[in-house]
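Visitor: Can we talk about the disulfides in this protein? I'm new to this.
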Amino acid sequence: MTGRRSPSSHRPRLSRAATLFAACTATAVGASLLAGCGLLPGGSGGSREPVTVMTWAPEGTQATNMPGMPAMAKAYARWVNANGGLAGHELRVVTCNEHNTTVGAANCARQAVRQNAIAVVGSYSQHGRAFMAPLEIAGIPYIGGYGVSDEEFTSPLSYPVNGGQAALLAGNGRQLARDCDRVSLVRPDTVAGDDMPALLGAGLTAGSRKPAADIRAPEDAGDYTAQAREALKSAGAFDAYGAGKGCVTSVLGDRTETFFDSFRRLESEVVNDVGVASVLGSVGQPLLDRTGGKNGPFEGAYVTGWYPVASDSRWDPMRKVIREHAFADNRIDPADPGVQTTWIAYTVLNETLKSVAEGGGDGKGGITSSDVFRALNDDAGVETGGLTPTLSWRLEDMLAARDFPRIVNRDVTFQVVRKGRLVSVKKGFVDVGETLVRAPSAG
């Protein structure tokens with residue numbers, strides 16, 4: 001997440017966006033205004049025109065990388081086009097490396113505008129301020145971002161499919177509160193990381209626990225011994241007469257593995273056993289496999305996710321697509337939450353374009369960004385095969401939280417590592433909406 005602004009600081013931008021959308025959807029507007037509102041991308045030619053969308057993510061950087069997301073988008077396009085397209089339209093997917101920088105994110109958004117994309121789908125970027133403004137000006141919906149920027153949960157052109165890092169942190173607090181008397185949070189020393197203690201604390205408070213010790217760490221370090229020692233100390237690991245169980249949760253993205261390498265090197269000094277925890281995206285099945293499985297450092301770890309565990313049969317359609325259309329692409333791991341989010345986002349796009357086609361689209365066979373925007377706002381519910389609750393972005397379906405008004409999926413899953421595999425702690429989802437509403441505002 002990028003840093004949340006005070007309510008007064010993001011009202012003006014939302015007001016401008018709302019004004020633009022009102023102008024775009026008003027009747028009797030001129031052709032020049034339609035072009036400025038993004039109503040013309042996609043063209044107005046014959047029937048069943050191709051539709052273009054974009055998927056972006058960072059690749060080859062020193063911080064978090066998500067190469068599986070654009071790769072999954074390309075595989076989805078190959079699959080859907082081999083089966084008649086989206087509502088009869090060929091799907092063209094343009095991908096972009098946003099490099100984990102504000103410049104890269106803005107460049108990808110501008111490329112989406114130049115390519116006449118009708119939507120940006122299943123993408124990852126921490127730099128919401130950089131990418132959302134160009135999309136808003138062009139009227140291009142942002143469907144199913146990964147949930148790491150605040151703009152994804154405030155912009156009226158964003159349609160998140162999960163509760164983002166906010167839901168994961170609140171859920172992780174709820175999960176740890178059941179077993180942990182003291183908790184240390186190791187998180188990035190960034191504006192994005194500054195939101196995390198309050199969110200985790202809201203979950204701990206809901207479980208009648210004290211807030212976590214806040215341990216800041218560089219997001220691109222090669223060693224975290226100092227932070228690991230501080231986290232262990234705060235969790236009571238060195239206290240011969242420690243009261244209750246201590247836990248350390250690390251949310252450092254790709255650097256979580258590096259942190260726990262440092263953590264393990266201190267185990268010989270530990271007097272009291274300390275539980276470990278994280279969230280999906282920082283710890284997942286690929287990491288468990290890579291670090292020794294049941295003999296690795298994460299055995300018994302508490303993990304909070306958005307979706308069912310990767311072994312759940314509800315992922316079978318995605319696995320079939322990967323097997324048949326991306327079998328040689330080692331960037332795509334079906335257990336990767338980025339890949340999973342991209343699959344869900346394209347499922348939403350597919351269902352949305354079906355409703356647009358049923359309504360006639362633009363009346364000329366093409367589908368525009370404005371068509372997608374209206375359909376997403378009007379649809380009473382999009383089904384994702386049970387991977388999420390029914391998704392609807394109507395005003396009445398959104399969360400009544402000042403900092404996250406666009407959250408419509410408040411559910412998380414509680415998981416634990418057993419014999420090297422992520423398994424569900426309990427059946428079904430856990431709703432953390434009330435916890436998010438009660439979380440202290442960063443404003």
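Guide: Let's go through the disulfides and where their cysteines sit. This is a predicted model, where local features need pLDDT of at least 70, side-chain atom pairs count only at pLDDT 80 or more, and totals for chains, interfaces and linings use all residues. Residues are numbered from 1 along each chain as its sequence is written, and side-chain values use heavy atoms, with hydrogens and water left out.

Visitor: How many disulfides are there in the whole structure?
Guide: A search turns up two. A disulfide here is a pair of cysteine sulfur atoms within 2.5 Å.

Visitor: Which cysteine pairs with Cys96?
Guide: Cys108 does, with the sulfur atoms 2.0 Å apart. Cys96 is in strand β2 (residues 91-97) and Cys108 in helix α4 (residues 102-114), 12 residues apart. Helices (H or I, at least four residues) and strands (E, at least two) are DSSP runs, numbered from the N terminus.

Visitor: Is Cys96 buried or exposed?
Guide: Buried, at 11% relative accessible area. Cys108 is buried too, at 0%. Buried means under 20% relative accessible area, exposed over 50%, partly exposed in between (1.4 Å probe, protein chains only).

Visitor: On to the other bond. What does Cys180 pair with?
Guide: Cys247, and their sulfur atoms are 2.0 Å apart. Cys180 lies in the loop between α6 (164-177) and β6 (182-188), and Cys247 in strand β8 (residues 246-250), so the pair ties together parts 67 residues apart in sequence.

Visitor: Why is that disulfide of Cys180 and Cys247 called left-handed?
Guide: Because the torsion about its S-S bond is about -70 degrees.
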